[in-house]
Amino acid sequence: MTDTIVETIPILPFGMLNAFLVVNKGKALLVDTGLPNSKMKIEKALSKHKLDWSNLHLTILTHAHIDHSGSAAEIRSLSQGDILAHQDEVQYCLGRPPVLRPTGTFGRLFQKTGAIQQPFDYFTPDRIMETDTLNLDEYGFPARVLHTPGHTQGSVSILLEAGRVIAGDLTASGILLGGIVMRNRPKQPPFEEDTSTVIASLEDLLSRGCEQFFLGHGGPLTAAVIKKHIEILRKK
Ligand SMILES: [Zn+2]
Ligand SMILES: [Zn+2]
C-alpha cells in the first residue's frame with residue numbers, strides 16, 4: 001500500500017502534454033510546470049485534492065524545454081516551495097536556446113514552426129541537483145530523483161513507490177507530439193539529444209524495478225512496452 005497519489009495535469013488535451021501532481025499526506029510535489037500560462041490548470045489539480053499553493057513544497061523540472069518549464073517562473077511567485085533542476089539543465093533555465101535534434105519528419109517540421117525555441121520567463125532554480133540521485137525524504141516525500149540523461153543532458157526522472165516513475169520525455173507515446181490516439185504505442189519524442197544515452201537511462205529505470213512509466217507526452221506505459229521500445233531503439 002502506498003499513500004502517494006499521482007495526479008495527471010492535462011496541460012494540453014488528449015494526453016498531448018502532461019504535468020504531474022504528486023500528493024502525499026497533504027503535501028504536494030509538482031513535476032513539470034507545462035507551457036507558459038499553465039497556472040490555472042495546476043491550481044485546479046491542487047484544489048481537486050483540497051490543497052492550495054501553500055501546500056506545494058517542491059517543483060521538479062524533468063528538463064528545461066518550454067513545454068515543461070514554461071510556467072516555472074510563475075509558479076515560483078505563487079509558491080514558497082523550491083524549484084529543482086539538474087545542474088546540466090540550468091543554462092537552459094537561464095535562457096540558452098535548447099539543443100534540438102529531430103528524431104523524424106514531425107520533429108523537423110515542428111522545429112520549423114519555432115514553437116519550442118520561443119522565449120519564456122527564464123529563472124534560476126532554487127535547488128540544483130549535482131548528484132546522480134537525490135532522496136526527497138527531506139521534503140516529506142517517499143521518492144527519489146534520478147539523473148536520466150538522453151532526451152537532454154540534464155533530464156531527470158522521479159521514482160515513486162510501487163514501481164511508478166515520472167520519466168519526462170525519455171520516451172513518448174501516441175502520434176505527432178504524443179498522446180491523441182495509440183497511447184499504448186511508444187515513440188521517440190520529436191527531439192532527442194542522444195538515443196544511446198536514452199536507452200541506458202531507460203534500462204537503468206527498468207533495473208530499479210519501474211513498472212509504470214508516466215510521460216510528458218502520452219503514456220503511461222508498462223515496463224513490458226518499454227522493453228520492446230528499447231529493442232526498436234537499438235536497431236536505429
Ligand atoms: Zn522535451
Ligand atoms: Zn516535452
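Modeller: In this predicted model, donors are N, O and S atoms within 2.8 Å of the metal, and since water is not among the atoms, sites may look incomplete.

Biologist: Which residue bridges the zinc ion (ligand 1) and the zinc ion (ligand 2)?

Modeller: The protein donors of the zinc ion (ligand 1) are H63 (NE2), H65 (ND1), H151 (NE2) and D169 (OD), lying 2.1 to 2.4 Å from it. The two zinc ions lie 3.4 Å apart, and the residue that bridges them is D169.

Biologist: Why is the arrangement of the four donor atoms around the zinc ion (ligand 1) tetrahedral or irregular?

Modeller: Four donors count as tetrahedral if all angles lie between 85 and 135 degrees. Around the zinc ion (ligand 1) the four donor atoms subtend angles of 91 to 168°, and therefore the arrangement is irregular.

Biologist: How many residues apart are H63 and H151 along the chain?

Modeller: The donors of the zinc ion (ligand 1) follow the spacing H-x1-H-x85-H-x17-D. H63 sits in the loop between β4 (56-60) and α2 (66-69), whereas H151 sits in the loop between β8 (144-147) and β9 (156-159), which puts these distant parts of the chain 88 residues apart.

Biologist: Is the ring pair of F106 and F110 stacked or edge-to-face?

Modeller: Planes under 30 degrees apart count as stacked and those over 60 as edge-to-face. The rings of F106 and F110 have their centres 5.5 Å apart and their planes at 10°, so the pair is stacked.Biologist: Which residue do ring pairs link with F106 and F110 into a cluster?

Modeller: F106 and F110 are four residues apart in helix α5 (residues 105-113), and so are separated by about one helical turn. Ring pairs link these two into a cluster with F191.

Terms used:
Residues are numbered from 1 along each chain as its sequence is written. Chains are lettered from A and ligands numbered from 1 in the order in which they are written. This is a predicted model: local features need pLDDT of at least 70, side-chain atom pairs count only at pLDDT 80 or more; totals for chains, interfaces and linings use all residues. Side-chain values use heavy atoms; hydrogens and water are left out. Donors are N, O and S atoms within 2.8 Å of the metal (3.2 Å for Na, K and Ca); water is not among the atoms, so sites may look incomplete. Four donors count as tetrahedral if all angles lie between 85 and 135 degrees; four count as square planar and six as octahedral if opposite donors are over 155 degrees apart and all others between 65 and 115; anything else is irregular. Helices (H or I, at least four residues) and strands (E, at least two) are DSSP runs, numbered from the N terminus. Rings of Phe, Tyr and Trp (its six-membered ring) pair if their centres lie within 6.5 Å; planes under 30 degrees apart count as stacked, over 60 as edge-to-face and the rest as tilted.
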